[in-house]
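Open the model in your viewer and keep a selection prompt ready. The stops below are meant to be taken in order.

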Amino acid sequence: MRKFGVRDQIGYLFGDMAGSFVNLYVDAFFLTFCTYVLGVSPYFMASLFLGSRLWDAVNDPIIGSFPDRWQIGKSGDKFKPYIKIAMFPLALSVILAFYDVSAWSSTAKHIWIVAAYIFYGMSYTGTSMPYGSLVAVITDNPVERTKLSRARSFGGLIVGAGFLSIVPQLVFNKAGEVVPVNFFYIAVAFAALSLISYTVTLKLTTERIRQPKIADEKFDYGKVLRSVLKNRPLIGVMVATVGSLLYITGNSQLGAYIYKEYYQAPQVLTFVTLSMIPMMLIAFPIIPKLSGKYGKRKLILVSTAVNFVFALFLLLVPIKNVYLFLLLYTLANAGQTVFMMIIWALVTDTLDYHEYITGERSDGSLFSIYTFSRKIGSTLASTLASVMLGMVGFVSGAAVQAPAVAENIRTLTTAVPVITTILQLIGIGLIFNLSKERMDEIQAELKEKRLLKAN
């Protein structure tokens, strides 16, 4: 079997690109599309985001457990066959989400929005669960897993900074008005790019860690759920991830509003995403080395603390110049850059910890439980962003907003990072309890147990 190398990292990077073409676009612009183009109330959107995630609470664990329950295909791979199936409905979902139904009746329009968004959510679950679990079977080496986590974060950056940065230039004209049809054209392009990227992932990655099935063994999902209560590191990562997704999704959804209403410069959104590139380029070569020397947990704690300080300053001190605000915002986001590059390696550590305390691997099921925490974060962000927009006086479809609305949006947007970085510090600093030294001991013991089972 081919050894782990650059090929796997590139393949895994493309997998995050594939999901990000759909997920980041929907997260950042679906609310904008529905309020500005379709004229839908932000309160309705809040209800949609909340209701769809309640449905996810039912289907996420079910879909996530499929690879643990059933092995499909003839390759012997556990997760890649599921990606191969689910990538097609995901590509279709983004096209449906940005189809312009503004000419339809109010009832038909609202039904379409609900159906399209729920279909997107289930399709994304179908690809994100096996893709996220894939890291656990590509390698069991901690440093190599950090490299995969780094590659995943870089994949999101390529889409977020390279492709998504172009979107504001296309969906807003020079007068700051929306161009409805361009939302759909972008969706079609991103759907095609998503399919191409997933194909690259399937081609370049290799599943190396395989757990033989025991004859007549039945999968017990209830047992897996009960084991989560004993997995303190996983609970800590989930709490921190809720904070991270509140940060990322909240900022991406409110970004269009603060730059359009407060700064009267919606095109600056392009530079917001492009500004992430220098941070990622600096962090990319050094994160695995620092992680190997100091540990992933310490790196996240330090970077998130710095993030909190900058975020608090932006909340307390109004910045009138849009480019100065952009600079300080970029510096604040450095903490999230480190978090995103490392968190997936921490998740994999918690999966190994589960094997350590139970003697069993249930990567797909556990990852679905973890991923649900990501959806909780994005749901809370989407729901609260929509509700708060209504509460601060934003009126959907209005040509001009009331003067006080702009200042309220500024306060709302800058308060989000302060609250969310506190959640991240609690999750990783107070709940997550696996030090670098302890994780090294666990990895060594697991290798011995696996060798005994193999023999």
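The tour goes through a pocket, a cavity, a surface patch, some salt bridges and a few single residues.

Before selecting anything, note that this is a predicted model.

**Stop 1: the second largest pocket**

Select Gly 176, Lys 260, Glu 261, Gln 264 and Ala 399. Of the 20 residues lining the second largest pocket, these five are the closest to its centre. The space in this pocket comes to about 380 Å³. Next, colour helix H10 (232–262) and helix H17 (403–431), the elements that each give two or more residues to the pocket lining. What classes of residue make up the lining of the second largest pocket? There are 11 nonpolar, five polar and four charged residues.

Stay on Gln 264, one of the residues closest to the centre of that pocket. Gln 264 sits in the loop between H10 and helix H11 (269–274). Check its backbone torsions: phi is positive, about 55 degrees, although the residue is not a glycine. Is Gln 264 buried or exposed? Its relative accessible area is 58%, so Gln 264 is exposed.

**Stop 2: the second largest cavity**

Now look for enclosed space. Rolling a probe the size of a water molecule over the atoms shows where empty space is left. How many cavities of 30 Å³ or more does the structure hold? The count is three, and the second largest has a volume of about 70 Å³.

To show its walls, select Tyr 247, Asn 251, Ala 311, Leu 314, Phe 325, Tyr 329, Ala 332, Asn 333, Thr 413, Thr 414 and Pro 417. Two or more lining residues come from each of H10, helix H13 (296–316), helix H14 (322–332) and H17. Seven of the lining residues are nonpolar and four are polar, with no charged residue in the set. H10 and H17 were also the elements named for the lining of the second largest pocket.

**Stop 3: three salt bridges**

The whole structure has eight salt bridges; three of them are visited here. Begin with Lys 296 and Asp 349, whose side chains meet at 3.1 Å, N to O. Lys 296 belongs to helix H13 and Asp 349 to helix H15 (residues 334–358), so this pair ties together parts that are 53 residues apart in sequence. Both Lys 296 and Asp 349 are buried.

Move to H17 and select Glu 407 and Arg 410. These two form a salt bridge, with their closest N and O atoms 3.1 Å apart. Both residues lie in helix H17, three residues apart, which is about one turn of the helix. How accessible is each partner? Glu 407 has a relative accessible area of 32% and is partly exposed, whereas Arg 410, at 5%, counts as buried.

The third pair is Arg 438 and Glu 441, which meet in a salt bridge of 3.2 Å, N to O. The two are three residues apart in helix H18 (residues 436–454), so about one helical turn separates them. Arg 438 is partly exposed at 28% relative accessible area, and Glu 441 is partly exposed at 43%.

**Stop 4: helix H2, outside and inside**

Switch to a surface view and select Trp 55, Val 58, Ile 62 and Met 122. Together they make a nonpolar surface patch of about 340 Å². Which element gives the most to the nonpolar patch? Helix H2 (residues 42–64) does, with three residues. Val 58 is in helix H2 and is partly exposed, with 44% relative accessible area.

Then hide the surface and select Phe 49, which is also found in helix H2. Phe 49 has 2% relative accessibility and therefore counts as buried. For a distance across the model, add Val 416: the C-alpha atoms of Phe 49 and Val 416 are 18 Å apart, with their positions 367 residues apart along the chain.

**Stop 5: Val 181**

Finish on helix H8 (residues 180–204), where Val 181 lies. At 40% relative accessibility, Val 181 counts as partly exposed. Draw a C-alpha to C-alpha distance from Val 181 to Leu 170: the two are 9.7 Å apart in space and 11 residues apart in sequence.

Conventions: Residues are numbered from 1 along each chain as its sequence is written. This is a predicted model: local features need pLDDT of at least 70, side-chain atom pairs count only at pLDDT 80 or more; totals for chains, interfaces and linings use all residues. Side-chain values use heavy atoms; hydrogens and water are left out. On a 1 Å grid over the protein atoms alone, a cavity is a set of points where a 1.4 Å probe fits but cannot get out, and a pocket is an open set with protein on both sides within 12 Å along at least five of seven lines; lining residues have an atom within 4 Å of a point. Grid points are joined across faces, edges and corners, and a volume is the space filled by probe spheres set on the points. Helices (H or I, at least four residues) and strands (E, at least two) are DSSP runs, numbered from the N terminus. Ala, Val, Leu, Ile, Met, Phe, Trp, Tyr, Cys and Pro count as nonpolar, Asp, Glu, Lys and Arg as charged, and the others, Gly among them, as polar. Patches are made of residues with over 30% relative accessible area and no salt bridge: like charges are joined within 9 Å, nonpolar side chains (Val, Leu, Ile, Met, Phe, Trp, Tyr) within 5 Å. Accessible areas come from the Shrake-Rupley method with a 1.4 Å probe; for residues, only the protein chains shown count as cover. A salt bridge is a side-chain nitrogen of Lys or Arg within 4 Å of a carboxyl oxygen of Asp or Glu. Buried means under 20% relative accessible area, exposed over 50%, partly exposed in between (1.4 Å probe, protein chains only).
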